[in-house]
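User: Please take one chain of this model and go through it closely, from its overall make-up down to the packing of individual elements and one chosen residue. Where another part of the model helps to set the scene, add it at the end.

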Amino acid sequence: MRAVARFAIVLLALLLIAGTLVWWLNVRGEEPIDASQAEPAATPEQVQRGAYLARVGNCSACHTERGGAPYAGGKGIPTPFGTVYASNLTPDLKTGIGSWDAAHFWRAMHHGRSKDGRLLYPAFPYQSFTLITRADSDALHAFLRSQAPVAQPNRPHELRFPYHLQAALAVWRALFFAPRTFERQANQADAWNRGAYLVRGLGHCDACHAPRNIFGATRAAIELSGGLIADQHWYAPSLADGGEAGVTDWPLDDVVQLMGRGRSPRGSAMGPMAEVVFRSTQHWTDADLRAMAIYLQSLPHRAPTPPAARQATPEALELGQRLYAHECARCHGERGEGQGPYPALVNHRTVTMGPHTNLVRVILNGGFPPTTAGNARPFGMPSLLLGDNEVAAIASYVRSAWGHQAPAVTALEVRDLR
Amino acid sequence: MDARAHPWLRLVCAGLAACALASARGADIPDTIGQRMQPCMVCHGPEGRATTQGFFPRIAGKPAAYLYHQLIAFREGRRSNSTMAYFVDHMTDAYLQEIADYFAGLDLPHPPPRPAQATPTQLARGETLVRHGDRALGVPACAACHGVTLTGALPAIPSVLGLPREYLMLQFGSWRVGVRRALAPDCMGQIVSRLAPQDLNDVAAWLASQPVPANAAPAAQITRPLPLPCGSDPH
């Protein structure tokens, strides 16, 4: 009996210690917010700067619903744990952030905690935003406060047990999140540092381009090494792999064009990246685009992973060749050499990289690169209304033709991507 | 070439080189809006004249303002079609306007209608509703807005002929459940909500069975005010 009691006491003590630790890990570094202190009014320069930063951070991608008022929230973000609904960022007093001081906003950006003290879900990428400066946070706050207030109550998240519990989120944060400050590398140029700040901070590139563990946390150790986008059936290719989307050996201008116009001599932005270019990067200043490109070019370059040789059957390849001649060659050329606005498929990394997701998605869905100032009237690719077998055959053919050695794609894999 | 060649000569040479380069790459790809819109043709038929697939409407020759409203509606979620939304999501208003103008400007022959899939009684009810409406239900005649010839009216009222029955039924159904919405006040939404499903079915069956007249251009003028205020009609 005494043994049981002792065990219970020890267990209780351990729980208390663990709980305290989790609590401490969740609030460490936070400074108390003094609400009595009146805030200095935002300057027009701050508002203007904040408007630019809101585009750099692509806030509207999540915080503006299709057809909805800008920044009024309501859009559902699908995650493997349920749907998180983006909140109203307009300065409405009741439903928006009208009662938030710059300090509250900073706590959300830097510490991932809401004004009412609730822990925020990391679908709001504060793992990245934690790196932004207080001045940038204040400018964003000033810009959002300058918007017209929209009364639109926040929609409760639809998360499964136990993910909807704040306690579960606290444990997650204790394990995977710590507020951080961007540290300048003194041995690197200003542009590199600016690029690093943009890519790792407000640009939150790792929200898609980094792999996630089973708890949905990005793994910072392998920076920007590619990841599947949750529930979207697109693959955000590795930015540190020359065989995927690494740009170490690209001319700087091509990177700037791809991000600034959505189109470059080496390919176009399609799928979720088309949205990023359309809403965000096409509005970046040339200096910021160049800074980003310089930083991306400096990422540790890993040799392309040699793909496992999985061959398609001769019948599949023959079907693929026939379909290619009929469906694709008119634009992409008989030998995949490309024509005018239609990109060459020879050595195109969407075709040759290990993961086949994006190639199959483009064959299935087609699509247009984004309309930008530099590419105001884009050409597009049709959705080829073909069956799983046919799409798999075309994909396998282009992955093995013209000297390519990428693994074949099966009909089952195509079906999973529909 | 002598490096000190006359500047004009150098310019001509540069021009020729550029032309040669252009002809080597993309000579067969016309730099036109028609070429840019090739992806649309897979579903909407060559030059948007429709196919035998019942759910995809003809878009060629529809009023430009109508087409523009629809493209915006797909982007903003007032119409619901994942393929259309995916295609127009990252297009600017200016490009959507150019696309609308392109399809509106196409004047292509119509195929004969498919045989009616309804009883004579149903077709008669359909025709009555189209030509005269139903005063008791508060439903105006289709012809009151879409024109006596039913081929639409400028600037934004579309033709209702030459459309498959399946497509018409899908639109009526979408209005009823609220996944298709026009600019407020949504006159079509109101009309559809006042009609019983069987009435809508009869209207669709009759419309789809009618031949399209030789001159199917939308009417330049129509009697205004319209029977119901419509947000899509700027008058």
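Analyst:

**Chain B in detail**

In chain B, 70% of the contacts with a separation of 6 or more are made by residues 24 or more positions apart. The model is predicted, and what follows describes that prediction. Chain B contains 11 helices and zero strands; read from the N terminus, its elements run α-α-α-α-α-α-α-α-α-α-α. The chain has 235 residues, of which 36% count as buried.

One helix pair can be taken as a starting point. At what angle do the axes of H4(B) and H6(B) cross? They cross at roughly 135° and come within 8 Å of one another. This angle makes H4(B) oblique to H6(B). The crossing of H4(B) past H6(B) is right-handed.

The residues that meet can be listed for each helix. H4(B) contributes B:Ala64, B:Leu67, B:Tyr68, B:Leu71 and B:Ile72. On the side of H6(B) the partners are B:Leu96, B:Gln97, B:Ile99, B:Ala100, B:Asp101, B:Phe103 and B:Ala104. Sorted by class, this contact has 10 nonpolar residues, one polar and one charged.

The loop that follows H4(B) holds a residue worth a separate look. B:Arg79 sits in the loop between helix H4 (64–76) and H5 of chain B. Is B:Arg79 buried or exposed? It is buried, because 20 other C-beta atoms lie within 10 Å, and the cut-off for buried is 20 or more. Leaving out residues up to four places away in sequence, B:Arg79 touches B:Gln70, B:Ala73, B:Phe74 and B:Arg180. B:Ala214, by contrast, is 135 residues away from B:Arg79 in sequence and 31 Å away in space, C-alpha to C-alpha.

Chain B also has a side that touches chain A. The contact draws 21 residues from chain B and 23 residues from chain A. Which helices of chain B each supply at least two residues of that side? They are H2 (33–36), H3 (38–44), H5 (82–88) and H6 (93–104). Helix H6(B) is thus named both here and in the pairing with H4(B). By class, the residues of chain B on this side divide into seven nonpolar, seven polar and seven charged.

Chain A can now be added for context. It is divided into domain 1 (41–176), domain 2 (190–297) and domain 3 (314–416). The centres of domain 2 and domain 3 of chain A, taken over C-alpha atoms, are 22 Å apart. Between these two domains, 20 residues of domain 2 are in contact with 17 residues of domain 3. On the domain 2 side, H11(A) gives the largest share, three residues. The residues of that side comprise nine nonpolar, eight polar and three charged.

Chain A offers a helix pair to set beside H4(B) and H6(B). Helix H15 (residues 357–365) and helix H16 (residues 388–400) of chain A pack at an angle of about 130°, with axes 10 Å apart. H15(A) and H16(A) are therefore oblique to each other, and H15(A) passes H16(A) in a right-handed crossing. A:Leu359, A:Val360, A:Ile363 and A:Leu364 in H15(A) meet A:Val391, A:Ile394 and A:Ala395 in H16(A). This contact has seven nonpolar residues, no polar and no charged ones.

Conventions
Residues numbered from 1 in each chain as written. Chains lettered and ligands numbered in written order. Predicted model: local features only at pLDDT ≥ 70, side-chain atom pairs only at ≥ 80, totals over all residues. Contact = placed C-beta atoms within 7 Å. Helix = DSSP H or I, 4+ residues; strand = E, 2+ residues; numbered from the N terminus. Nonpolar A, V, L, I, M, F, W, Y, C, P; charged D, E, K, R; others polar. Buried ≥ 20, exposed ≤ 12 C-beta atoms within 10 Å, placed from the backbone. Axes fitted to C-alpha atoms, helices over the stretch in contact; angles between N-to-C directions. Parallel < 35°, antiparallel > 145°, perpendicular 65-115°, else oblique. Left-handed = near helix turned anticlockwise from the far one by under 90°. Domains from an automatic or database assignment.
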